[in-house]
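User: I want the reasoning behind the labels on this model. Please take me through it briefly.

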Amino acid sequence: MTTALTDSYVRAATRWLPGQTRREVEAELRERITDTVAARGDSTDAEREVLEEMGDPLLVAVEYTGREPRLIGPRLFMPWLRLLVLVLVIVLPIVGTVHIISGVTSDDNIATTLIGAFGVMIGAAIQVAFWVTAVFAVVEWSGVGESEVTERWTVDKLPAAAATRSGRPYAETIASLVFLAVMAFLLIGQQTNSPVRIDGERIPALDPALWGSWIPIVLGLIALEIVFTLWVHVKGWTWTAAGINAALGVAFAAVTVPVLKSGDFLNPELVDRLGWDTSTLDQVTQGILVGVLVVTAWDVIDGVLKARRASR
């Protein structure tokens, strides 16, 4: 007998492994746990005992792949990895969002703001990775705290977020929520405090007439996406979730494609001030249209693949 505890353990052990290797290790590890638990009475207590004897799931992953960490040894590698990922997941979205908000409220155009946000996030990631790694490397080489770090691992240390196979990683949820919030902020901000400035004058990027139809609908879809993201984080990816995800994607494409095809997407004043002729405007609009269709298709496919993996 194996339970969600085993599922949580296997997920924690294989989450950092590449695709094919992850599937192979997951199958072998699950079989090993199942057979050992069955040999000891097939009970919940036996399952806990087996998992705790196996130890830290990330160290088990190192055992299966045969590749030991070098800069930071096995003693501290897993605590380092967990802390690094946690700090990056928290810091990078905050840094990027703050930079975008700062850019929108200043004289920078949208392209400069987004490129700057990307650069700032890369710089922050490098700084975080360097200092976290440096601290752990010093602790590793000095041997400080060895007795505390090597204390016995128990199943109580399994991440609460991984308590079931259906749970969604915090990193993915946070990234999705930050993205949706930024999109809503930019959609509203481009009209009320446009980041596009020409000759010192702020000009909305989208046609103001869209406030009567398209923009409110898209903001509503973003709100639904936020609710859906939180729901998937709790319930996980199922075929129902994949269906809702596809419906939201199709809904967005259904309301956006007609607007793009009509040529009423971009602000006519902005187009005129930029000096774009009809051919240039059509090329830009077609590019946006293709982007919308590609992103929608990928999002639908990604949801189906996640539901398929979770159902195995």
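Analyst: Contact here means heavy atoms within 4.5 Å. The model is predicted. With that cut-off, what covers the buried residues of α2 includes α1 (4–14), α3 (44–54) and α4 (57–65).

User: Which residues of α2 are called buried, and what makes them so?

Analyst: They are V25, E26, L29, R30, I33 and V37. Buried means under 20% relative accessible area.

User: How do you know which side of α2 they lie on?

Analyst: Look at the arc. The buried residues span only 130° around the axis, which puts them on the same side of α2. An α-helix has 3.6 residues a turn, so residues three or four places apart point the same way.

User: What is exposed on the other side of α2?

Analyst: E31 and A39 are exposed there. Exposed takes over 50% relative accessible area.

User: How do you know that the length of α2 agrees with the expected span?

Analyst: Helix α2 has 21 residues, 19–39. At 1.5 Å a residue, the expected span is 30 Å. Its end C-alpha atoms are 30 Å apart, so the two agree.

User: What follows α2?

Analyst: G41 does, with a positive phi near 115°.

User: Why are α1 and α4 called oblique to each other?

Analyst: Their axes cross at roughly 55° and come within 7 Å. Angles under 35 degrees count as roughly parallel, and 65 to 115 as roughly perpendicular. The crossing angle of roughly 55° fits neither class, so α1 and α4 are oblique. The crossing is right-handed.

User: Which residues make that contact?

Analyst: From α1, Y9, A12 and A13. From α4, P57, L58, V60 and A61.

How values were computed. Residues are numbered from 1 along each chain as its sequence is written. This is a predicted model: local features need pLDDT of at least 70, side-chain atom pairs count only at pLDDT 80 or more; totals for chains, interfaces and linings use all residues. Side-chain values use heavy atoms; hydrogens and water are left out. Helices (H or I, at least four residues) and strands (E, at least two) are DSSP runs, numbered from the N terminus. The expected span of a helix is 1.5 Å times one less than its number of residues. Buried means under 20% relative accessible area, exposed over 50%, partly exposed in between (1.4 Å probe, protein chains only). The arc is that of the directions from the helix axis to the C-beta atoms. Axes are lines fitted to C-alpha atoms, for helices over the stretch in contact, and angles run from 0 to 180 degrees between N-to-C directions. Angles under 35 degrees count as roughly parallel, over 145 as roughly antiparallel, 65 to 115 as roughly perpendicular and the rest as oblique. A crossing is left-handed if the near helix is turned anticlockwise from the far one by less than a right angle, and right-handed if clockwise.
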